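Subject: Handing over a structure

Dear colleague,

I am passing this structure on to you, and below it you will find notes on what came out of it. Please read them with the sequence and the coordinates open beside you.

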Amino acid sequence: MSDKEKTSIINIEETEAENEINSGIDAEGFPEEDIEDLIHVMDISMTSMPVIPLRGITIFPTMLLHFDVGREKSVGALEHAMMTNQMIFLVTQKNPDTDLPTQEDLYKTGTTARIKQMLRLPGNAIRVLVEGISRGRIVNMQQEVPYFRADIETVTDDLSDEDSIKSEALMRSVLSQFADYLENSQKLSKEIYPGVEAIESPGRLADVITSNLDIKTEDKQSILDTMNVVDRLEKVSAFIVREIEIMKVENDISQKVKQKLTENQKEYYLREQIRTIQKELGQDETIEEEVDKWLSKLEELKLEKSVHDKIEKEMKRMLRLQPSSPDVSVLRSYIECILELPWNESTKDKIDIKRTKKILDDEHYGLHKVKDRILEYLAVMSLSKDFKGPILCLVGPPGVGKTSIAKSIANSMNRKFVRMSLGGVRDEAEIRGHRRTYVGAIPGRIITSIRDAGVNNPVFLFDEIDKIGADYRGDPASALLEVLDPEQNKDFKDHYLDVPFDLSNVLFVTTANTTDTIPRPLLDRMEVITLSSYTEEEKVQIAKYHLVPKQIKENGLKPNQINISEGAVRNIVNYYTREAGVRNLEREIGNVCRKTARKVVESGPKNKKKSFRITAGNLPSYLGKKKASYDILEGDNEVGVTTGLAWTAVGGDTLFIETNVMKGSGKLVLTGQMGDVMQESAKAALSVIRARSDEYNISEDFYKEKDIHVHIPEGATPKDGPSAGVTMCTSMISALTGIPVDKYLAMTGEITLRGNVLPVGGIKEKVIAAHRAGVKTVLLPEENMRDLDELPSNVRNSMTFKPMKTIDQVLSEALIRA
């Protein structure tokens, strides 16, 4: 390359640098006055000259610009111009992607320019430096081959005297906006503003500012097309305002991205620190390594193909997530939950009927029917490998040992025991879990409990199933239908897991205090085993062999430091507790032990071996005055007073039904808080008496001339039920006839209008209450005689039981005739 060429390159680069600072400003030595003189001298109001199409570039008058020319037509036009007057017309083509444009592809308005420098580059390309002279418009395209040549009409700015004030105002506004544009622009230097501010011509100011704006070629062309200076300034003002708004948004986005990058860098730095710490602790493990371990564990589980594929898909999705993504922790928790489940882990059953019977007998006194049913259940299970027996539901009052029986079942079978209380549960998600779309989603309590147990065949106790609720969050009882159905729970699908889990190996047991509040479809899936309240003898034996040793140990005493007699225990049962179970009994025994422990400590170290004996006589000094009392038969036989028997939730009780007959108008008065059923029994008894008044030697008009008042003492206690019918009938007949009733005789049974005695329930509890009160003879409905097998032998052997079919048989036994 020659020195001249080198100099040309340097000049071009210097000119380019100058153009970036003073783009659009007149070149040195070529002021605007000279350009106007040149136009006048050349008289180019209509001039023919070569045309070069520009791609993506718009040149304005007085603007210095360099560009490369490579197309054959453009090179030809350039060479022709250099051989003549170095004048050329530059016009922008509409589509920059068009390689061989025609006249239709070019805008009409362009710029007449003078070629200042030209330099040939490798590859037949030419770099040209030009200077815009004036606006021009193509009037006629003379030729397109071998280069473009056209007749060009020179166009001058249109500015009338009337628009001079408006243009001055617009110039000030545009300059202010351009200053704001430079403040927000990151591409232009603020140093060009003084040169722009020095421009006095409004049209030239609009052109110079437009050439420096980062707007589309079409927008720049629209400025070039506008000859009216005022309109041109208004367009430029609109473009500047739009670009300022765009730049503000871009700057805001840039700041946010920068802040985000800073946060990411900080997070990256912290994660690197954590990774370094983990590495020092020997916990260095990447996500890839973690996923590999998960996949290995998944293969070891040997799950069904559909389940395996779904879990594998979730594991591999972990690899596509960014470590900082919140989905990572959610997905990790899900996968770990899946892998922690005991899909194939189970305990081996050890069903030994003799061993199971011994465990049940050692841990529970009485409950023979319940024990027999459990033993039968386990016996069938041991014989059948695919046994799908019913779900056992233990129903009984509080404290009778329902939960402890379930524990004993698990202990006897060598299975793990899991308990889930359903009392107050109202959300279906407690059973089925939450869907993973919810924030903080977790599996249901069934899956969680089995995961914690570590085996898929525990004894699972649903406690208090009768107290389950329902609200807008769903019906948990309906969700339990699938769980407690042996035909469906093989494919139980928790919402969180979203894959089926086999619950058919789980032995489900439920407990309830009553079946009245259990939904019928749910109750239909269970076999109800009723646990009745404990008798006095059973409570004494339970206390003697279980509760007393337990409380002695829990209160830090030694067996030789305290001795609770059987009489004391019996008094605690009868006079300090009144319950179906033994919870309060255990509390009172614990109270005795605590007071004894205090006496041991107060007696000093020397008397630590001293033994304290608690008897029925000194029991009040430990527990205070008696809290409960029972009816004891006393006095002589009375007219109109009959002993009835009642069942309560805490056991049986005796009722003394009293009847008085007075002169009146035939009213029947019932007092003692009788319920509707008991009042109907009294009315039925009165109808029986009226129908058989001749047989009982009672005046036919007694119901007109006398008032009958039937009362049951302890009026503060509500009473109801049909079993007092024969008792009230006997009491009223005794009062009407004046014949006394045997005070050592008690009765129970429902009466009909035909005088028949119907069977009732609760015989065991009622007879035990009669035995405690000192009753010697009990009249029972004939069909209830089979219930005597449930009675303790000491009670059954010490009393006389007589079957009754009609009220006549009752009266013949109860009334004591002279």
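Helix H13 lies across three strands, namely S7 (391-395), S12 (507-512) and S13, and its direction makes an angle of about 145° with that of S13. Please keep in mind throughout that this is a predicted model.

The three strands that H13 lies across belong to an open sheet of five strands, in which the order is S8-S9-S12-S7-S13 and the pairing is parallel. At the edges of this sheet are S8 (417-421) and S13, each of which pairs on one side only, and from one strand to the next the twist averages 25°. Where S8 runs parallel to S9 (residues 459-463), five bridges join the two strands, and Met420 has Phe462 in S9 as its bridge partner.

H13 also has a part in the largest pocket, which holds about 990 Å³ of space. This pocket is lined by 35 residues, and those closest to its centre are Ser532, Ser533, Lys764, Glu765 and Glu790. Two or more lining residues come from each of helix H13 (368-383), strand S13 (526-530), helix H19 (536-554), helix H26 (763-773) and helix H27 (793-797), with H13 giving the largest share, four residues. By character, the lining divides into 14 nonpolar residues, twelve polar ones and nine charged ones.

To draw the two parts together, H13 and the edge strand S13 are both among the elements that give two or more residues to the lining of the largest pocket.

With best wishes

Methods: Residues numbered from 1 in each chain as written. Predicted model: local features only at pLDDT ≥ 70, side-chain atom pairs only at ≥ 80, totals over all residues. Heavy atoms only, no water. 1 Å grid on protein atoms, 1.4 Å probe; cavity = no way out; pocket = protein on both sides within 12 Å on 5 of 7 lines; lining within 4 Å. Points joined across faces, edges and corners; volume = space filled by probe spheres on them. Nonpolar A, V, L, I, M, F, W, Y, C, P; charged D, E, K, R; others polar. Pairing = 2+ DSSP bridges. Axes fitted to C-alpha atoms, helices over the stretch in contact; angles between N-to-C directions. Contact = heavy atoms within 4.5 Å.
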